[in-house]
Amino acid sequence: MAAAYGAMFVFRDAGAGPHHTVLLYPAPHFIVAASAAALAERYLLGKQSAAFVAFCIVLAASNGWLLGRYAHAARANGFSAYWSDGVERLADVLGHQNLPVAVLDWGIHNGVEIHSHDGVAFADPAPRENVLYVTHCDGYVIDESRTAQFKAQLAASPLRMTANRVVADKKGHLVYCLFQLERN
């Protein structure tokens with residue numbers, strides 16, 4: 001935990017999301033477990049045990065209900081742009097390419113690796129020919145700095161973008177943009 005917090009303080013954007021702090025196992029889990037054990041020790045041995053057991057049942061039921069609502073919403077609306085259900089289609093498209101793939105935005109690489117079963121060859125995102133570039137389409141871009149850095153490198157090179165194709169999620173939202181570069 002100390003090493004993770006140390007990295008968050010030293011490296012730019014490390015731990016940028018609050019979930020990184022929450023997921024620093026085992027500290028949060030230990031606190032919850034110790035609190036639950038103390039409550040159980042206090043209330044299960046006394047007269048209030050029925051109330052405590054009822055509280056635990058209500059808590060577990062409400063968590064189950066909430067999880068069910070999340071699952072329903074995911075099936076109905078797809079997941080967020082960050083973890084889009086379109087990544088399955090994207091992995092299929094990329095798996096049928098004969099070019100190395102360079103990812104220009106956060107949240108694409110791991111999903112493609114998983115759904116392609118490591119069948120996609122990834123490349124460094126520096127601008128060059130014979131590479132298929134993948135990024136999120138407008139409105140879905142997560143890390144603007146990566147895109148800006150790539151565009152600055154591209155402006156300094158003799159290459160230009162050629163439109164290739166877009167990949168939609170299951171709801172038809174155009175989430176992923178694919179393109180190649182060629183000489184002017």
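1. Let's start with a cysteine. Cys-56 is partly exposed, with 33% relative accessible area. Bear in mind throughout that this is a predicted model.

2. How many disulfides does a search of the whole structure find? The count is 1. The link joins Cys-137 to Cys-177, and the S to S distance comes out at 2.2 Å. The angle about the S-S bond is 125°, and the link of Cys-137 and Cys-177 is right-handed.

3. Where does that disulfide sit? Cys-137 is in the loop between strand E2 (132-136) and helix H7 (144-155), while Cys-177 belongs to strand E4 (residues 174-183), so the pair ties together parts that are 40 residues apart in sequence. As for exposure, Cys-137 is buried at 6% relative accessible area. Cys-177, at 21%, counts as partly exposed because the cut-off for buried is under 20%.

4. Next, have a look at His-136, which is placed in strand E2. Is His-136 buried or exposed? It is buried, with a relative accessible area of 2%. The His-136 side chain also has a polar partner: it makes a polar contact with the side chain of Asp-105, at 2.6 Å.

5. Now for the helix pair H5 and H6. Helix H5 covers residues 87-95 and helix H6 residues 109-116; the two pack at an angle of about 70°, and their axes are 8 Å apart. H5 and H6 are therefore roughly perpendicular to each other, and their crossing is right-handed. Which residues make the contact? From H5 there are Val-87, Glu-88, Leu-90, Ala-91 and Leu-94, and from H6 there are Gly-111, Val-112, His-115 and Ser-116.

6. Leu-90 of helix H5 deserves its own point. Its relative accessible area is 0%, so Leu-90 is buried. Leaving aside residues up to four places away in sequence, Leu-90 touches Ile-108, Val-112, Val-134, Val-167, Tyr-176 and Leu-178. Val-112 is also among the H6 residues in the helix contact. What separates the C-alpha atoms of Leu-90 and Val-175? The distance is 9.5 Å, for two residues that are 85 residues apart along the chain.

7. Over in helix H7, the residue to check is Thr-147. At 15% relative accessibility Thr-147 counts as buried. Its contacts, again not counting residues up to four places away in sequence, are Leu-104, Thr-135 and Val-141.

8. Backbone check, part one: Asp-118. This residue is in the loop between H6 and E2. Its phi is positive, about 60°, although Asp-118 is not a glycine. With 60% relative accessibility, Asp-118 counts as exposed.

9. Backbone check, part two: Asn-130. The loop between H6 and E2 holds Asn-130, and here too there is a positive phi of about 60° in a residue that is not a glycine. Is Asn-130 buried or exposed? It is exposed, having a relative accessible area of 55%.

10. A few places to revisit when you go through the model. For the disulfide, go to Cys-137 and Cys-177. For the polar contact, go to the side chains of His-136 and Asp-105. For the helix crossing, go to H5 and H6, which pack at about 70°. For the positive phi values, go to Asp-118 and Asn-130.

Key
Residues are numbered from 1 along each chain as its sequence is written. This is a predicted model: local features need pLDDT of at least 70, side-chain atom pairs count only at pLDDT 80 or more; totals for chains, interfaces and linings use all residues. Side-chain values use heavy atoms; hydrogens and water are left out. A disulfide is a pair of cysteine sulfur atoms within 2.5 Å. Helices (H or I, at least four residues) and strands (E, at least two) are DSSP runs, numbered from the N terminus. Buried means under 20% relative accessible area, exposed over 50%, partly exposed in between (1.4 Å probe, protein chains only). A polar contact is a pair of N or O atoms within 3.5 Å; within protein, one must be able to donate a hydrogen and the other to accept it, and residues adjacent in sequence count only if both atoms are side-chain atoms. Axes are lines fitted to C-alpha atoms, for helices over the stretch in contact, and angles run from 0 to 180 degrees between N-to-C directions. Angles under 35 degrees count as roughly parallel, over 145 as roughly antiparallel, 65 to 115 as roughly perpendicular and the rest as oblique. A crossing is left-handed if the near helix is turned anticlockwise from the far one by less than a right angle, and right-handed if clockwise. Contact means heavy atoms within 4.5 Å.
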